[in-house]
Amino acid sequence: MVLSPIRCVYLLLLINFAYSGRVMRKIKERVHQVQYQRAKQHLLLGAVAGRRPVMQVKEGIIHQPLDHFDSQLTGTIPQRFFVNEAYWQSPNGPVFLYIGGESAISEYSVQSGHHVNMAEEHGALLVALEHRFYGESINPDGLKTENLRYLSSQQALADLVAFYGYISDRYSLSHKNTWISFGGSYPGSLSAWLRGKFPHLIYASVASSAPVKAKLDFSTYNKVVGESLMDEGVGGSVKCVNAVWEAFAALEAALLGGNETQAGKDFCCCTPPTTPEDQTELVQSLADIFMGAVQYNQEGATLSIDKVCTIMTNKSEEIEEEEEAYDRLVKLVAIYRASEEMPCLDISRDSEIKELSNTTVKTTGVGERQWYYQTCTEFGYYQTCEDANCPFSRMLTLNSQTELCPLLFGIPQSSLQSNVAFTNKYYGGDHPQTHRVLYVNGDIDPWHELSVLQNGTSVDRDRAIVIEGTAHCANMNTPQASDPPALIEARREIEVHVATWLKTAAWEHM
């Protein structure tokens, strides 16, 4: 393998304008923005066509105890919520609860999505609660390490219980108002856990792409990434994943063989990857492009599986002659940077730590520092590459990710495994002892490996839907004409479950 010639110079003066941190977080931010824009467009088009008026959504704040489990602590935390009464058949209509997660929510949480379509059909009151310590639901000093101890899934469930009481009082609800919770990804887990811990409040739950099993070393994430890059049904191929293997092997050889400066120029890094930590950051950033394409395939990411594989297998029209896999990876990264208007790739480990150490509250987008704290204290979920199934580089070790826990929060690495074990013991892992929970997953989404994939043994036990060829939380979006048949059928099955739950609940109330 011959390293590529210089394609750009280091943009040292532009570091502050480049994204500081892992590319996957930027991809996640973009997906959120795209989905919000799609929701807004859907609502406006519906209003113009006269199909559905633009609804007036109520926004409010509920002041929750900072610690639900310590009555001696008098502090509180503001928590934002939204309510949409447009479809509610008062007084006995059901309540559909949308659960927020590791990012800010918006009014579109109760205006758009498959759960909103079902709410219209069943006359449900739509409510959404933002997760504590994310979005606007945080105190000004909330990101300080000493205050993050009040951030946990257990506190979040207690928030939801208090919110249940608040809404019930505000709207004079009774046992005749059936509550169903909805959530996707981490909020999908919260939806399932809420039903499991408080079945007397929540009648049933839909848990989409819910990684209910905590796992410290989530190496199977990248195993699924490799399998999805081979899936011809979504644009992948064996040739594609082999090219990825080859490209990362060449990159690793360059970094470990003394050619790290040239590699940094090839990928337009903001600074040369001269330290082992910066080299790992570079590899992680490049792997993130593929991970994001798989996790959010066709759901708002800049590059889909089909697009990355087209580039990596020389099928693109712009490529006139055969190139080495390394050169194709360089081209792919250049395309990604151009689409994100990213002048250079920030691969500085120090920059990463500085960003995650920032305690200035950001009320929009994904809460990066907060979520990393939760991975250290509860979930793990570290997407490593140390086994033979990973298509990237063995440089992506568990240690390279967990060493941030003591650096950022003073949480020793030795405690992480026991933190994860407690979470699984408390909630039941991927074998929860719950019923009337519907787990929905896409089979190309790596997170499905930590969800429930098998049906329960009795009629009202948990049910699992695995959707062929779909990615993370795809079923939660508003249906579109371009949706594949498997996704359309999955939504129909979800609708049947919701309708059956409501009929059963009505019968029980009688």
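**Strand β4 and the aromatic contacts of a predicted model**

Modeller: In this predicted model, the charged end of Lys-197 is placed over the ring of Tyr-426, at 3.9 Å from its centre.

Biologist: Which residue lies over the face of Tyr-203?

Modeller: A charge counts as sitting over a ring when, among other conditions, it is within 6 Å of the ring centre. Over the face of Tyr-203, at 3.9 Å from the ring centre, lies Arg-436.

Biologist: Is strand β4 enclosed or open, and why?

Modeller: On one side of β4, Leu-125, Val-127 and Leu-129 are buried, and on the other Leu-126 and Ala-128 are buried, which covers both faces. Five of the five residues of the strand, 125-129, are buried, so β4 is largely enclosed by the rest of the structure.

Biologist: In which sense do β2 and β4 pair?

Modeller: Asn-84 stands opposite Leu-126 in β4. Strand β2 spans residues 76-84, and over four bridges its pairing with β4 is antiparallel.

Biologist: What is the handedness of the crossover from β3 to β4?

Modeller: Strand β3, residues 95-99, pairs with β4 in the parallel sense over five bridges. Within this pairing, Leu-97 has Val-127 as its bridge partner in β4. From β3 the chain passes through helix α2, residues 114-122, to β4, and this β-α-β crossover is right-handed.

Biologist: How many residues apart in sequence are the parts that the pair of Phe-290 and Phe-392 ties together?

Modeller: The whole structure holds 24 aromatic pairs. One of them joins Phe-290 and Phe-392, a tilted pair with 5.9 Å centre to centre and 40 degrees between the planes. Phe-290 belongs to helix α8 (residues 276-295) and Phe-392 to the loop between β8 (380-382) and α13 (398-402), so the parts tied together are 102 residues apart. As for their surroundings, Phe-290 and Phe-392 are both buried.

Biologist: Why does the pair of Tyr-372 and Tyr-382 count as it does, and what is its class?

Modeller: Tyr-372 lies in helix α12 (residues 368-379) and Tyr-382 in strand β8, so the pair ties together parts that are 10 residues apart in sequence. Both Tyr-372 and Tyr-382 are buried. Their ring centres are 6.2 Å apart and their planes are at 40 degrees, so the class is tilted.

Biologist: Which tryptophans belong to the aromatic cluster that includes Tyr-426?

Modeller: Tyr-426 is the residue whose ring lies beneath the charged end of Lys-197. Among the other members of its cluster are Tyr-186, Phe-218, Phe-379 and Tyr-427. The tryptophans in the cluster are Trp-193, Trp-371 and Trp-447.

Conventions. Residues numbered from 1 in each chain as written. Predicted model: local features only at pLDDT ≥ 70, side-chain atom pairs only at ≥ 80, totals over all residues. Heavy atoms only, no water. Buried < 20%, exposed > 50% of the residue type's maximum accessible area, 1.4 Å probe, protein only. Helix = DSSP H or I, 4+ residues; strand = E, 2+ residues; numbered from the N terminus. Pairing = 2+ DSSP bridges. Right-handed = clockwise from strand over helix to strand, strands pointing away. Phe/Tyr/Trp six-rings, centres within 6.5 Å; stacked < 30°, edge-to-face > 60°. Lys NZ or Arg CZ within 6 Å of the ring centre and 35° of its normal.
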